[in-house]
Amino acid sequence: MSGRRIAVVLFNLGGPDDAASVRPFLFNLFNDPAIIGLPGFARTPLAKLISSRREKSAQANYAMMDAGGGSPLKAETRKQMAALDARLAEALPGDEVKSFIAMRYWHPLTEETAIDVAAFGPDEVVLLPLYPQFSTTTTASSLKAWKSAYAGSGRSRAVCCYPRAAGWVEAQGELIREKLAEAERDHPGRPVRVLFSAHGIPEKLVEKGDPYQEQVESTVSAVAEAAGLQDWAICYQSRVGPMKWLGPSTPEAIQTAADDGVGVVVAPIAFVSEHIETLVELDIEYRHLAENLGVSPYLRAPTVGVAGPFIEALAGAVADSLGRTGSAPYGPGCQARHKACPFQAERGQAEAA
Ligand SMILES: C=CC1=C(C)c2cc3[nH]c(cc4nc(cc5[nH]c(cc1n2)c(C)c5CCC(=O)O)C(CCC(=O)O)=C4C)c(C)c3C=C
Ligand SMILES: [Fe+2]
Ligand SMILES: [Fe+2]
């Protein structure tokens, strides 16, 4: 069917616009029950305390990027939105397709975007997380916020995850191979390990059924195979707070590389664009650590951004969710029927009907 208005809502975490918005952004993040699983009367004061304690150091980190004291995430996401819109205009020529950005913790906030999407008056709404792997802390939190904010028209469909989508895996593989070629050119014969670095989450969430780690591992095995990698390891970055997070941490993996006498190519495997966790944590903090430990070379593969195969994967996920193609871009994540999958409910409804 064609001639319909289709809204595609791109979900991401969001980042502050400038130094002044760092603290309220952090407050929104720590006040999310998906991040701190306490009741509101305990969580909100704790979120106030953590955001105020973290403000200065976070501001200093945001100031290290060329983004006016804030995060480049919104600008990077806008580029992805423009590329996706162009691709969808070709892929769905009879329809009017328009993409929107809904950030979880800073503007454009989900509630603001819900109003814009309602004003567009869509027949179909495709909810598309910019998180290839599903987590209760990211995708589920965004989908929940959307569900309570959106009161407009249209049939909504959620893309759960796409940990092994062909274009996503291809884009990652190409970027890693380019960095390995650079390592070989500048350090001929030197052994180099690919460190797949994903944002960590607390181990407790995985024990409770969060499929994130499993899906990260699924992405990594697909990329390692596609890129023909010999020496690679998974590690987790960006730990926050006192709980035990997934490991090994990226600094531990860099230490192991030092012990083994190999250089590294660090590949962000759960982020699809550049922001503080890549530009500061990977490019400045961990580079410094690697240099101190004598790990050479230390190279970082860029995030996929607007790479053609990745935008193709997103467009495929949209088309597939609209039932326009027979392709299955999500990979085994969804087929695994994990507990928190939004398709579970849809499937339940379909099976009951
Ligand atoms: C796969 C993506 C992400 C997961 C999973 C995730 C979980 C998670 N994050 C925090 C705490 C923070 N995250 C922060 C920034 C941030 N995190 C992600 C992605 C994931 N987070 C993104 C895209 C960003 C935005 C970066 C930007 O440029 O603004 C921050 C703020 C930065 C800082 O102070 O370090 C915090 C804090 C937790 C606690 C968590 C899971 C429980
Ligand atoms: Fe985070
Ligand atoms: Fe799923």
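**Close-ups of two helix pairs, a domain contact and a ligand shell**

**View 1. Helices α6 and α11 run roughly antiparallel to each other.** This is a predicted model, and here the axes of α6 (residues 166-186) and α11 sit 7 Å apart, at an angle of about 165°. Since angles over 145 degrees count as roughly antiparallel, the pair gets that label. Look for a left-handed crossing of α6 and α11. On the α6 side, the residues to pick out are Ala166, Gly167, Trp168, Glu170 and Ala171; they meet Pro309, Phe310, Glu312, Ala313 and Gly316 of α11. Sorted by class, this contact of α6 with α11 has six nonpolar, two polar and two charged residues.

**View 2. Domain 1 meets domain 2.** The domain assignment splits the protein into domain 1 (5-163 + 308-352) and domain 2 (166-300). Their C-alpha centres are 24 Å from each other. Domain 1 puts 33 residues into the contact, and domain 2 puts in 24 residues. On the domain 1 side, α2, α3 (73-91), α11 (308-321) and α12 (332-335) each give two or more residues. The largest share there, five residues, belongs to α11. As for chemistry, that side of domain 1 breaks down into 17 nonpolar, 13 polar and three charged residues.

**View 3. Ligand 1 sits in a shell drawn from both domain 1 and domain 2.** In total, 21 residues surround ligand 1. Good ones to label are the closest: Gly15, Ser71, His199, His275 and Ile276. Domain 1 and domain 2 each contribute at least three residues to the shell. Among the helices, α1 (22-30), α2 (40-63) and α10 (276-293) each provide at least two of the shell residues. If you're setting up a pocket selection, the class count around ligand 1 is twelve nonpolar, seven polar and two charged.

**View 4. Helices α9 and α10 pack at an angle of about 25°.** The axes of α9 (residues 250-260) and α10 are 10 Å apart. That angle is under the 35 degrees cut-off, so α9 counts as roughly parallel to α10. Their crossing is right-handed. From α9, the contact uses Thr250, Pro251, Ile254, Gln255 and Ala258; from α10, the partners are Tyr286, Leu289, Ala290 and Leu293. Seven nonpolar and two polar residues make up this contact of α9 with α10, with no charged ones. Helix α10 also turns up in the view of ligand 1, where α10 supplies at least two residues of the shell.

Technical notes: Residues numbered from 1 in each chain as written. Chains lettered and ligands numbered in written order. Predicted model: local features only at pLDDT ≥ 70, side-chain atom pairs only at ≥ 80, totals over all residues. Near = placed C-beta within 6 Å. Helix = DSSP H or I, 4+ residues; strand = E, 2+ residues; numbered from the N terminus. Nonpolar A, V, L, I, M, F, W, Y, C, P; charged D, E, K, R; others polar. Domains from an automatic or database assignment. Axes fitted to C-alpha atoms, helices over the stretch in contact; angles between N-to-C directions. Parallel < 35°, antiparallel > 145°, perpendicular 65-115°, else oblique. Left-handed = near helix turned anticlockwise from the far one by under 90°. Contact = placed C-beta atoms within 7 Å.
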